[in-house]
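Please look over the sequence and the structure shown here before reading on. The report that follows takes up a few local features in turn and then sets them within the chain.

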Amino acid sequence: MHCCAQLDEAIERGSLYCGQKSRIDDGRILNDLDTDYFIRSASGRGYDYLGINYCPFCGRVIGRGLWMAEKKK
Ligand SMILES: [Zn+2]
């Protein structure tokens, strides 16, 4: 269960990837955020993964790095 139903759906459809960065082996990661959430899009060879810290649907924080930062406060 994630922040909202749309995000759950996107992960089910495969347009979003949720998991460890190190387990991505079918494409390349376009940026360097400390997150477990990536927007996944087909590219010439395999997929492009774009890490995100905020849910693109509801805007809540989903990135691990930011969660940690929030907890420390
Ligand atoms: Zn959401």
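## A charged pair between two loops

Lys-21 has a relative accessible area of 27% and is therefore partly exposed, in what is a predicted model. Its side chain meets that of Asp-32 in a salt bridge, with an N to O distance of 3.4 Å. The two partners come from distant parts of the chain, eleven residues apart, since Lys-21 sits in the loop between β1 (16-18) and β2 whereas Asp-32 sits in the loop between β2 and β3. Asp-32, with a relative accessible area of 68%, is exposed.

## A pair across two strands

A further salt bridge joins Arg-28 and Asp-48, whose closest N and O atoms are 3.2 Å apart. Because Arg-28 belongs to strand β2 and Asp-48 to strand β4, this pair ties together parts that are 20 residues apart in sequence. The partners differ in their surroundings: Arg-28 counts as exposed at 53% relative accessibility, while Asp-48 is buried, with a relative accessible area of 14%.

## The first helix and its two sides

Within α1, the residues Leu-7, Asp-8 and Ala-10 are buried. Seen down the axis of α1, these buried residues fall within an arc of 165°, and so they line one face of the helix. Glu-12 and Arg-13, by contrast, are exposed on the other side of α1.

Helix α1 also holds a salt bridge, in which the side chains of Glu-9 and Arg-13 meet at 3.9 Å, N to O. Because Glu-9 and Arg-13 are four residues apart in the helix, about one helical turn separates them. Glu-9 is partly exposed, with a relative accessible area of 45%, and Arg-13 is exposed, with a relative accessible area of 57%. A search of the whole structure finds four salt bridges, and those described in this report are among them.

## The zinc site

Which residues of the protein act as donors to the zinc ion? The donors are the SG atoms of Cys-3, Cys-4, Cys-55 and Cys-58, which lie 2.3 to 2.4 Å from the ion. The site is tetrahedral, with angles of 102 to 120° among its four donor atoms. For comparison, the ideal angle for four tetrahedral donors at a metal is 109.5 degrees.

In sequence, the donor residues are spaced C-C-x50-C-x2-C. Distant parts of the chain are thereby linked, for Cys-3 lies in the segment before α1 (5-13) and Cys-55 in the loop between β4 (47-51) and α2 (64-72), 52 residues apart. Cys-3 counts as partly exposed at 22% relative accessibility, whereas Cys-55 is buried, with a relative accessible area of 4%.

## A nonpolar patch on the surface

Leu-30, Ile-39 and Leu-50 form a nonpolar patch on the surface, and together they have about 220 Å² of accessible area. Of these residues, Leu-30 is placed in the loop between β2 (27-29) and β3 (37-42), and at 43% relative accessibility Leu-30 counts as partly exposed.

## The chain as a whole

The protein chain contains two helices and four strands, which follow the pattern α-β-β-β-β-α when read along the sequence. Of the 73 residues in the protein chain, buried residues make up 27%.

Note on methods:
Residues are numbered from 1 along each chain as its sequence is written. This is a predicted model: local features need pLDDT of at least 70, side-chain atom pairs count only at pLDDT 80 or more; totals for chains, interfaces and linings use all residues. Side-chain values use heavy atoms; hydrogens and water are left out. Patches are made of residues with over 30% relative accessible area and no salt bridge: like charges are joined within 9 Å, nonpolar side chains (Val, Leu, Ile, Met, Phe, Trp, Tyr) within 5 Å. Accessible areas come from the Shrake-Rupley method with a 1.4 Å probe; for residues, only the protein chains shown count as cover. Buried means under 20% relative accessible area, exposed over 50%, partly exposed in between (1.4 Å probe, protein chains only). Donors are N, O and S atoms within 2.8 Å of the metal (3.2 Å for Na, K and Ca); water is not among the atoms, so sites may look incomplete. Four donors count as tetrahedral if all angles lie between 85 and 135 degrees; four count as square planar and six as octahedral if opposite donors are over 155 degrees apart and all others between 65 and 115; anything else is irregular. The arc is that of the directions from the helix axis to the C-beta atoms.
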